[in-house]
Every structure is written in structure tokens, then in C-alpha cells.
Amino acid sequence: MNRNEIICYIDDQARSREFWSALLGTAPILDVPGMTESDLGGVTLGLIPFADMAELVPGLWRGSGQRCEIYLRRPDAAALLDRLVAAGGALLAPLVPRGWGEVVGYGLDPDGHVVAIAQSPPADAEV
């Protein structure tokens, strides 16, 4: 288990689990009622149904719009962006060079979280 975790509140745990498994090409590292976790390479992505969190933390309310971004750097960014769409996500912007020096594409997961996918050099490339 990784020390750091990003937790997204979701509407449908099964739908989100299937989306993230298809996008990442791996099974979750934890999948129990109320929590699915996937390894993002040093950080864990947690998926918790909003209804479960609302029971645990009084005062939570559903927001609207995009309130977070999951930024992934991968050597296979184009393939990952294609998988995002194939898995049921929505393409927002294709891979293009951005002003900060990276080539990045954007999409949405089924719960409306922004997923940024940046092209990184292959693991065996010299830096």
C-alpha cells in the first residue's frame, strides 16, 4: 500500500471500478464494499461512494462541476487517452503540447473527475 492516497467520491462503485481498471489496465489492489483502491505508481487512487462518505462525515454535500484533477504521466499517453474513451470516459482535449512543456490530453471519468494524461519518456530513456 502506498503512503499517499487520492480519494474520489463516486456515485457507482462498480462502474468506477470497471472504468479505472480498464483505463489503467490493472485490477484494483483493494476492492471491498465501500472502497476500491488502485495503484497509480507511488500514489493510491481510492474510490468511495458519496453516500458512504456522507454517513461518515456529517455536513458533506455534493458539489457540481470539476473540482479535482488526476494527473497521470505515462509513456503510453496516447493509448491511455484512447482507453479512457473506450472505458466510458469523455475526451475533453487531445494530446497537444502545453505551455508548461508537457504534451497533455484531458478527459473525464464517469463521475466527472478530470483525468489529465501527460506523455512521459519511456522508463529506460535517459533523462
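Is C8 buried or exposed? Keep that in mind as you start the tour, and remember that the model in your viewer is predicted.

**Stop one: two cysteines**

Select C8 and show its side chain. C8 is buried, with a relative accessible area of 3%. Now add C68 to your selection. C68 counts as partly exposed, at 30% relative accessibility.

You might wonder what could join such a pair. A disulfide is a covalent bond between the sulfur atoms of two cysteines. For C8, the closest cysteine sulfur belongs to C68, at 4.4 Å. A disulfide needs the sulfur atoms within 2.5 Å, so the sulfurs of C8 and C68 are too far from each other for a bond. The count of disulfides comes to zero.

**Stop two: one face of a helix**

Next, select residues 77-86, which form helix α3. Colour A77, L80, L81 and L84: these are the buried residues of the helix. Turn the view until you look down the axis of α3. The buried residues fall within an arc of 100°, so they line one face of the helix. Here is a handy idea for reading such a pattern: an α-helix has 3.6 residues a turn, so residues three or four places apart point the same way. Then pick out D82 and A86, which are exposed on the other side of α3.

**Stop three: a hairpin**

Move on to strand β6, residues 90-97, and strand β7, residues 103-108. The two strands pair in the antiparallel sense, over five bridges. To see one partnership, select A93 and look across to Y106, its bridge partner in β7. Then follow the chain through the five residues between the strands of this hairpin. Stop at G101, which takes a positive phi near 100°.

**Stop four: across to another strand**

From β7, look for Y71, found in strand β5 (residues 69-74). Y71 counts as partly exposed, at 25% relative accessibility. Try a distance label between the C-alpha atoms of Y71 and V104: they are 33 residues apart along the chain, and the separation is 9.3 Å.

**Last stop: the largest pocket**

Which residues should you select to find the centre of the largest pocket? Choose Y9, F50, G63, R67 and H113, the closest to the centre among the 16 lining residues. The pocket has a volume of about 370 Å³. Show strand β1, residues 4-10, as well: it gives the largest share of the lining, four residues. If you colour the lining by residue type, you will find eight nonpolar, four polar and four charged residues.

Terms used. Residues are numbered from 1 along each chain as its sequence is written. This is a predicted model: local features need pLDDT of at least 70, side-chain atom pairs count only at pLDDT 80 or more; totals for chains, interfaces and linings use all residues. Side-chain values use heavy atoms; hydrogens and water are left out. Two strands pair if DSSP finds at least two bridges between them. On a 1 Å grid over the protein atoms alone, a cavity is a set of points where a 1.4 Å probe fits but cannot get out, and a pocket is an open set with protein on both sides within 12 Å along at least five of seven lines; lining residues have an atom within 4 Å of a point. Grid points are joined across faces, edges and corners, and a volume is the space filled by probe spheres set on the points. Ala, Val, Leu, Ile, Met, Phe, Trp, Tyr, Cys and Pro count as nonpolar, Asp, Glu, Lys and Arg as charged, and the others, Gly among them, as polar. Buried means under 20% relative accessible area, exposed over 50%, partly exposed in between (1.4 Å probe, protein chains only). The arc is that of the directions from the helix axis to the C-beta atoms.
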